[in-house]
Amino acid sequence: MVKNLFSSVISQKEANRGRGSVEFQVFSFTNKIRRLTSHLELHRKDYLSQRGLRKTLGKRQRLLSYLAKKNRQFMEE
């Protein structure tokens with residue numbers, strides 16, 4: 001399953017330390033998007049999952065734009 005594949009990428013120590021970080025949240029949303037996408041390939045008319053996918057995509061996009069802005073400010077200083 002997808003969850004097992006990506007859980008090995010981040011060690012348990014790093015996961016406990018950085019769960020609130022923006023990078024970890026983006027990583028989690030990316031995993032959720034992949035899971036929902038594979039679900040929707042089988043269940044095309046699952047409209048609630050489609051809505052959840054769109055909401056998750058929006059959240060990830062907002063976090064990525066925040067992260068880009070934050071990194072830009074950090075690089076200017």
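This is a short tour of a predicted model, one selection at a time.

**Stop 1: the whole chain**

Start with the full protein in cartoon view. Count the helices: there are four, and there are zero strands. Read from the N terminus, the elements run α-α-α-α. Now colour by burial. Of the 77 residues, 22% count as buried.

**Stop 2: two helices to keep in view**

Select residues 22-42, which form α3. Then add residues 47-76, which form α4. Give each helix its own colour. The next stops keep coming back to this pair.

**Stop 3: the nonpolar core**

Which residues make up the largest nonpolar core? Select V22, V26, F29, L63 and L67, and show their side chains. Those five residues are the core. The elements that give two or more residues to it are α3 and α4. The most comes from α3, with three residues. There is a broader pattern to keep in mind here. In soluble globular proteins, nonpolar side chains tend to be buried together.

Now take two core members in turn.

- Select V22, which lies in helix α3. Is V22 buried or exposed? V22 is buried, because its relative accessible area is 14% and the cut-off for buried is under 20%. Next, draw a line from the C-alpha of V22 to the C-alpha of L67. The two residues are 45 apart in sequence, and their C-alpha atoms are 7.2 Å apart in space.
- Select F29, also found in a helix, α3. F29 is buried too, with a relative accessible area of 18%. Draw a line to G58. F29 and G58 are 29 residues apart in sequence, and 10.0 Å apart from C-alpha to C-alpha.

**Stop 4: T30**

Step along to T30, in helix α3. T30 is buried, at a relative accessible area of 17%. What separates the C-alpha atoms of T30 and L57 in space? The separation is 8.4 Å, while along the chain the two residues are 27 residues apart.

**Stop 5: S49**

Move over to S49, whose place is in helix α4. S49 counts as buried, because its relative accessibility is 15%, under the 20% cut-off. Add H39 to the selection. S49 and H39 are 10 residues apart in sequence. From C-alpha to C-alpha, S49 and H39 are 8.3 Å apart.

**Stop 6: the positive patch**

Switch on the surface and turn to the charges. Where do positive charges gather? Select K32, R35, R51, R54, K55, K59 and R62. They gather in a patch of positive charge on the surface. Both α3 and α4 supply at least two residues of this patch. The largest share, five residues, comes from α4.

Finish on R35, a patch member in helix α3. R35 counts as partly exposed, because its relative accessibility is 35%, which falls between the 20% cut-off for buried and the 50% cut-off for exposed.

**Last view**

Show the core and the patch together. Both α3 and α4 give two or more residues to the core, and each supplies at least two residues of the patch. The most core residues come from α3, whereas α4 provides the largest share of the patch.

Methods: Residues numbered from 1 in each chain as written. Predicted model: local features only at pLDDT ≥ 70, side-chain atom pairs only at ≥ 80, totals over all residues. Heavy atoms only, no water. Patch = residues over 30% accessible without salt bridge, like charges linked within 9 Å, V, L, I, M, F, W, Y side chains within 5 Å. Areas by Shrake-Rupley, 256 points an atom, 1.4 Å probe, with all protein chains shown as cover. Salt bridge = Lys/Arg side-chain N within 4 Å of Asp/Glu carboxyl O. Lys, Arg positive; Asp, Glu negative; His and termini not counted. Charge placed at Lys NZ, Arg CZ, Asp CG, Glu CD. Buried < 20%, exposed > 50% of the residue type's maximum accessible area, 1.4 Å probe, protein only. Core = buried A, V, L, I, M, F, W, Y, C linked by side-chain atoms within 4.5 Å.
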